[in-house]
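Student: I would like to learn how to read a protein model step by step. Could we begin with one residue and the company it keeps, and work outwards from there?

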Amino acid sequence: MKADKDRLSLVVKKEFFDMILSGYKKEEYRAITKHWRRLLENSPNAMFVFNPRKYKTVQFINGYRKDARRILLECNGITTGEPNKKWCGTMSDQFEYCYIIKIGSEISRKNC
């Protein structure tokens, strides 16, 4: 899970990677924790202020291997809210409110 100025990279499970690859899943979710605040917000220490980073792209990686499947998509912004239960698995049981990473058009894919 690496971030640079313009690209956010996220590792996802096969189930969710396949949904993103097919175009079915249009959002990715992350819990609101210190770790994700640091990666997804410009002011991670500000209380009660949400100032999301503006990534141009988001790269989804299916696993940690060097030859793992990857897909690069446009990032259409980051918000907060309730996750779509059909797109987040058991996360909806753990968190009612989360970061929502909006997925745009496909740019490229590798090893798919």
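Tutor: Let us start with Leu72, keeping in mind that this is a predicted model. Once its neighbours within four places in sequence are set aside, Leu72 is in contact with Arg7, Thr57, Val58, Gln59, Ser105, Glu106, Ile107 and Ser108.

Student: Where does Leu72 sit, and is it buried or exposed?

Tutor: Leu72 belongs to strand E4, and because its relative accessibility is 9%, below the 20% cut-off, it counts as buried. You can also follow a distance through space here, since the C-alpha atoms of Leu72 and Ile61 are separated by 8.9 Å while the two residues are 11 apart along the chain.

Student: How many helices and strands does the protein have, and in what pattern do they follow one another?

Tutor: There are three helices and five strands, and reading along the sequence gives the pattern β-α-β-α-β-β-α-β. The radius of gyration is 14 Å, close to the 13 Å that the globule rule gives for 112 residues, so the protein is as compact as a globular protein of that length. Of the contacts with a separation of 6 or more, 63% join residues 24 or more positions apart.

Student: How should I think about the interior, and which residues touch the most other members of the largest nonpolar core?

Tutor: The general idea is that in soluble globular proteins nonpolar side chains tend to be buried together. In this model, buried residues make up 43% of the 112 residues. The largest nonpolar core has 19 residues, and Leu40 and Phe60 touch the most other members. At least two residues of this core come from each of strand E1 (7-11), helix H1 (14-22), helix H2 (34-40), strand E3 (57-62), strand E4 (69-81) and strand E5 (98-110), with E4 supplying the largest share, four residues. Another core, of seven residues, lies apart from it and has Phe16, Met19, Trp87 and Cys88 among its members.

Student: Which residues does Phe60 contact, beyond its neighbours within four places in sequence?

Tutor: The contacts of Phe60 include Leu10, Val12, Phe17, Ile20, Ile71, Leu73 and Ile103, and also the residues Glu28, Arg69 and Arg70.

Student: How do I read a helix, and which residues of H1 are buried?

Tutor: An α-helix has 3.6 residues a turn, so residues three or four places apart point the same way. In H1, the buried residues are Phe16, Phe17, Met19, Ile20 and Leu21, and their cover includes strand E2 (27-30), E3, E4 and E5. After H1 comes Gly23, with a positive phi near 90°.

Student: Which residue has a positive phi although it is not a glycine?

Tutor: Most residues other than glycine have a negative phi. Asn111, however, has a positive phi of about 65°. This residue, Asn111, is found in the segment after E5, and because its relative accessibility is 41%, it counts as partly exposed.

Student: What about Glu41: is it buried or exposed, and what does it touch?

Tutor: Glu41 lies in the loop between H2 and E3, and because its relative accessibility is 3%, it counts as buried. Not counting residues up to four places away in sequence, Glu41 touches Trp36, Val49, Phe50, Asn51, Pro52, Arg53 and Tyr99. For the charges of the whole protein, you can note 23 positive and 13 negative side chains, with the centres of the two sets 6 Å apart.

How values were computed:
Residues numbered from 1 in each chain as written. Predicted model: local features only at pLDDT ≥ 70, side-chain atom pairs only at ≥ 80, totals over all residues. Heavy atoms only, no water. Rg over C-alpha atoms; globule rule 2.2 N^0.38 Å. Buried < 20%, exposed > 50% of the residue type's maximum accessible area, 1.4 Å probe, protein only. Contact = heavy atoms within 4.5 Å. Lys, Arg positive; Asp, Glu negative; His and termini not counted. Charge placed at Lys NZ, Arg CZ, Asp CG, Glu CD. Core = buried A, V, L, I, M, F, W, Y, C linked by side-chain atoms within 4.5 Å.
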